[in-house]
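Visitor: I should like to understand how the descriptive terms applied to a protein model are justified. Please show me the structure, and let us then examine the terms in turn.

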Amino acid sequence: MADQTNHNQAGEVAPSTVDKQAPSVAEEHAPSTDSPEATDIPTANAPDPKAANAEDKPNAAKPAAVPPKREKPAAAAKAAVGEKPAAATEEKPAAAAKAAKKEKAPAVEDKPFVEFIEQDYLPALQKAIAQQGVQDLQVSFAKQKMPITGFESAEECWQIIGSWSEIGLRQFNLYFPEEDIQGKKGFSCNEGKKPSTLESFLIDERRITLDLLVFGLVQRLDGQKWLGIN
């Protein structure tokens, strides 16, 4: 009996300190059955909080920055809502002003020379001279030689010839050698005889108008004492 006891004692292996400590460690870290609690036992799948922090890894790849949304230009934004740019609205008054200028009738002085004389000057001149008391004025417009002594070899030029015979025969000639009312002009007059003097006419005026051309000739005839009570 003693031998058996000794044999059993000799054949038994004493429990290691690890086996003794294991239950206590397991019990210490085992979750409670009453309420769930987090443990500090590391697991294989749990990420390292330090490794998950991108700020601690300067060399880690960062997400690409999203570019800020660009705003549309003012003109495009207005066009998107149906408004027209200010430049387009400003062009309308300018275009309207140009159209108004084009529609404006040209001045009578800008007409072709012959057309101006026949359509505008001769009727206005006859009316002005008639208002001075001349009733039988005869006016013609022709291109011919100058009826002045010493100008027989000169070239033909456009002339306005006027005459009446209330008190003797009176005749005047208005010359346009350049076929232009703004160019050089000449005047001569006679009473039944061939004129011998060619005068300059309206040489100091910068721009000749219809009214000025009529007034100048009436004034020259009045200076000759051929109008009114003369």
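Visitor: What does the secondary structure of the protein chain come to?

Guide: This is a predicted model. Its protein chain contains seven helices and five strands. From the N terminus on, the elements run α-α-α-α-α-α-β-β-β-β-β-α. Of the 230 residues, 22% count as buried.

Visitor: How do you know that the span of H7 agrees with the expected one?

Guide: H7 has 14 residues, which at 1.5 Å a residue should span 20 Å; the end C-alpha atoms are 20 Å apart, and therefore the two values agree.

Visitor: How does the reach of H6 stand against the expected value?

Guide: Helix H6, residues 113-130, has 18 residues and reaches 24 Å from its first C-alpha to its last, close to the 26 Å expected. H6 also has a kink of about 40° at Tyr121, shortly before the proline Pro123.

Visitor: Why is H6 called oblique to H7?

Guide: The two helices pack at an angle of about 40°, with their axes 10 Å apart. Angles under 35 degrees count as roughly parallel and 65 to 115 as roughly perpendicular. The angle fits neither class, and H6 is therefore oblique to H7. The contact is made on the H6 side by Phe116, Asp120, Tyr121, Ala124, Leu125, Ala128 and Ile129, and on the H7 side by Leu210, Leu213, Val214, Leu217, Val218 and Leu221.

Visitor: What is the handedness of the crossing in which H6 passes H7?

Guide: The crossing is right-handed.

Visitor: Which residues of H6 are buried, and what covers them?

Guide: The buried residues of H6 are Phe113, Phe116, Ile117, Asp120, Tyr121, Leu122, Leu125, Ala128 and Ile129. Their cover includes strand S1 (138-144), strand S2 (157-164), strand S3 (170-176) and helix H7 (210-223).

Visitor: Which residues of H7 are buried, and against what do they pack?

Guide: In H7, the buried residues are Leu210, Leu212, Leu213, Val214, Gly216, Leu217, Val218 and Leu221. They pack against H6, S2, S3 and strand S4 (186-190).

Visitor: Why does Met146 count as buried?

Guide: Buried means under 20% relative accessible area. Met146 has 12% relative accessibility, so Met146 counts as buried. Its place is in the loop between S1 and S2. Leaving aside residues up to four places away in sequence, Met146 touches Phe151, Cys157, Gln159, Tyr175 and Leu198. The C-alpha atoms of Met146 and Leu174, 28 residues apart along the chain, are separated by 10.0 Å.

Visitor: Why does Leu202 count as partly exposed?

Guide: Partly exposed lies between the limits of 20% and 50%. Leu202 has 21% relative accessibility and therefore counts as partly exposed. Leu202 is placed in the loop between strand S5 (199-200) and H7.

Visitor: What makes Lys225 count as exposed?

Guide: Exposed means over 50%. At 54% relative accessibility, Lys225 therefore counts as exposed. Lys225 is found in the segment after H7.

Visitor: What is the phi of Leu202, and what is that of Lys225?

Guide: Phi of Leu202 is near 50°, a positive value in a residue other than glycine. For Lys225, likewise other than glycine, phi is positive and near 65°. Most residues other than glycine have a negative phi.

Conventions. Residues numbered from 1 in each chain as written. Predicted model: local features only at pLDDT ≥ 70, side-chain atom pairs only at ≥ 80, totals over all residues. Heavy atoms only, no water. Helix = DSSP H or I, 4+ residues; strand = E, 2+ residues; numbered from the N terminus. Expected span 1.5 Å × (residues − 1). Bend = angle between axes of the 7 residues up to and from the residue. Buried < 20%, exposed > 50% of the residue type's maximum accessible area, 1.4 Å probe, protein only. Contact = heavy atoms within 4.5 Å. Axes fitted to C-alpha atoms, helices over the stretch in contact; angles between N-to-C directions. Parallel < 35°, antiparallel > 145°, perpendicular 65-115°, else oblique. Left-handed = near helix turned anticlockwise from the far one by under 90°.
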